[in-house]
Amino acid sequence: MRNIAVISCIAIVLGACSGSESPAADAPIVAGTDSPDRDLADHLEAMIQAVRTTPGSALMRGRLGMAYDVNGFQTEALATYAQAETLDPGDFRWPYFSAHLLATNDEHAKALETLARALAIDADYAPAWLWQGTWLLELDRTAEAMIAFERAFDLGVRDAATFGRARVMATQGDYAEAVELLEPLARLSDNPQVHRTLGEALRGQGRTEEARTAMIRGRNAGPVSWEDPRRDKRSAHVRGHASYQLAQSLSSAGRIREALTILERLQGHHPETHCGRDEDFFLACNLMNSCSIAYDRDGDPERALATVQRGLALNADFAPFHLTIANLYRQQRDLDLALDHVDRALELNPARGYAHEQRGRLLFGMGRHADAKAAFESALGLEPEKRTTLFYLGLAEFELGNWTLAAEKFERAVQLEPGFALGHALLARSLAEAGRIDEARQAQRNAREHGAGAEELRLTEQRLRELEAVEG
């Protein structure tokens, strides 16, 4: 029956549904209620019941569509958004969200047709024009894409729209114009999409060395995306395992209370007691560990410590617990106890580069620089070209008096992240100690340009003058 309902209403995506006597008579699309993930199933059941209770409410239909959308039920989401749009043709959200689903499936022409309905309702929502320009570029309709980005610029999203215009220029082969727009953005932004596009434009100009540096900074670029507050509101309906990932992202972004709300809700389905040896232990333990990290970031290290200690009492073989408690002990300056837990984590999982890096940082803090160097080298063997590990290895080499080796590591770190001011400053110090004064001067200028601290710059300048005096 569910498939029949989907087929009968899917046509609403491009027009009105004629399969019912009135919009209110359409039954809700039903999916996901049989999922073994009760967090997801319970939420979808509640959304479906809300539609059944108020069948004429476009908002209830739209919320159900959002729940389907963000939890991977794309066909059901499209049909439900269409129902919501039929009930309230004046709500921008339903055709707007439908357009995004169509674009996700590379149906850019249909997405643009659907987006046009949303823009007819609200032509002042700037992100919609950014997406229109992006999808027009996918169809190689560059002149129209430029118009869309210019409209977004006029609506106030100037940096984003400038990036969009630069992409159009690069696509058209106007590399010099693209670089002119992109270079100021790249100086102010760490967005890998900006740096990748700059690299492509520089390569088009034949500026291969500059292009290589830009492409390194853009190496982790994903598909082009835009800030989109209205679309982001769909995330309130993320449930199940996807909501765990959302909580992780929120916590990393500093939105700790939002993350904890999700984590604690999930614990209702995967309680701490499941962290023992039953089939649910992995998720239950991860939830406990993530809660501990979030409590610490929220300024409550005592609660964080109590949580991870309960976790270890339930499952002492769960390696992330040992890494988390090690970090808490490190903050308390109990480095020996922290090191014990990192060593236990490595016994349980020796193939994790992060654990070796944490071991190296602890050993460095204890003044055991040779041991720290070995730990950092192990970390790099597992996660090559990781900027933080290269930096710490450079510090270890510096403390050991291996100036040339230190310079090599700092130089590689700033190649990976050219705006890394402290990396430039320590590169200058290492080059100076190695007697490469001219190169050290250039690294010092780079450090100053990228905003290195005044004290760091002063100390390096002082050391450079001392070494120059000795040479003189």
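# Helices, cores and a few loops

Reader: Which residues of α6 are buried?
Author: Bear in mind that this is a predicted model: local features need pLDDT of at least 70, side-chain atom pairs count only at pLDDT 80 or more, and totals for chains, interfaces and linings use all residues. Numbering runs from 1 along each chain as its sequence is written, and side-chain values use heavy atoms, with hydrogens and water left out. Helices here are DSSP runs of H or I with at least four residues, strands are runs of E with at least two, and both are numbered from the N terminus. With buried meaning under 20% relative accessible area, exposed over 50% and partly exposed in between (1.4 Å probe, protein chains only), the buried set in α6 is His108, Ala111, Leu112, Thr114, Leu115, Ala118 and Leu119.

Reader: And what does the cover over those α6 residues include?
Author: Look for contacts, meaning heavy atoms within 4.5 Å. The cover on the buried residues of α6 includes α5 (93-104) and α7 (126-138).

Reader: How far does α6 reach from its first C-alpha to its last?
Author: α6 runs over residues 108-121, which makes 14 residues. The expected span is 1.5 Å times one less than the number of residues. That gives 20 Å expected for α6, and the model comes close to it, at 20 Å.

Reader: Just before it, is Asp106 buried or exposed?
Author: Asp106 sits in the loop between α5 and α6. Its phi is positive, about 65 degrees, although it is not a glycine. Its relative accessible area is 60%, so Asp106 counts as exposed.

Reader: Where is Glu385, which also has a positive phi?
Author: Glu385 is a residue other than glycine with phi near 65 degrees. At 36% relative accessible area, Glu385 counts as partly exposed. Its place is the loop between α21 (369-382) and α22 (387-399).

Reader: How many residues of α9 are buried?
Author: α9 covers residues 158-171 and has 14 residues. Its buried residues include Phe163, Arg165, Arg167 and Met169, and their cover includes α7, α8 (142-154), α10 (175-188) and α11 (192-204). After α9 comes Gly173, with a positive phi near 85 degrees. The helix is mostly covered, and its buried count is ten.

Reader: Which glycine with a positive phi follows α25?
Author: α25 is the run 437-449, and its 13 residues should span 18 Å at 1.5 Å a residue, which agrees with the 18 Å between its end C-alpha atoms. Its buried residues include Ile437, Arg441, Gln444 and Asn446. The glycine after α25, with phi near 90 degrees, is Gly451.

Reader: Zooming out, how many helices and strands does the chain have?
Author: The C-alpha trace spans about 95 × 60 × 30 Å along its principal axes. Of the 472 residues, 49% count as buried. Among contacts between residues at least 6 apart in sequence, 54% join residues at least 24 apart. The tally is 26 helices and, for strands, zero.

Reader: Which helix gives the most to the largest nonpolar core?
Author: In soluble globular proteins, nonpolar side chains tend to be buried together. A nonpolar core here is a set of buried Ala, Val, Leu, Ile, Met, Phe, Trp, Tyr and Cys residues joined through side-chain atoms within 4.5 Å. The largest one has 70 residues, and Leu263, Phe321, Phe410 and Leu427 have the most contacts inside it. With eight residues, the top contributor to this core is α16 (281-297).

Reader: How many residues are in the other core that lies apart from it?
Author: Leu64, Trp94, Leu119 and Ala152 are among the members of that other core. Its residue count is 64.

Reader: Which residues does Gln415 touch, leaving out those up to four places away in sequence?
Author: Gln415 is in α23 (403-416) and counts as partly exposed because its relative accessibility is 27%. The C-alpha atoms of Gln415 and Thr213 are separated by 6.7 Å, although the two are 202 residues apart along the chain. With the sequence neighbours left out, Gln415 touches Arg212 and Ile216.

Reader: How far apart in space are the C-alpha atoms of Gln358 and Leu339?
Author: Gln358 is in α20 (353-365) and is buried, at 10% relative accessible area. Gln358 and Leu339 are 19 residues apart in sequence, and C-alpha to C-alpha the separation is 8.8 Å.
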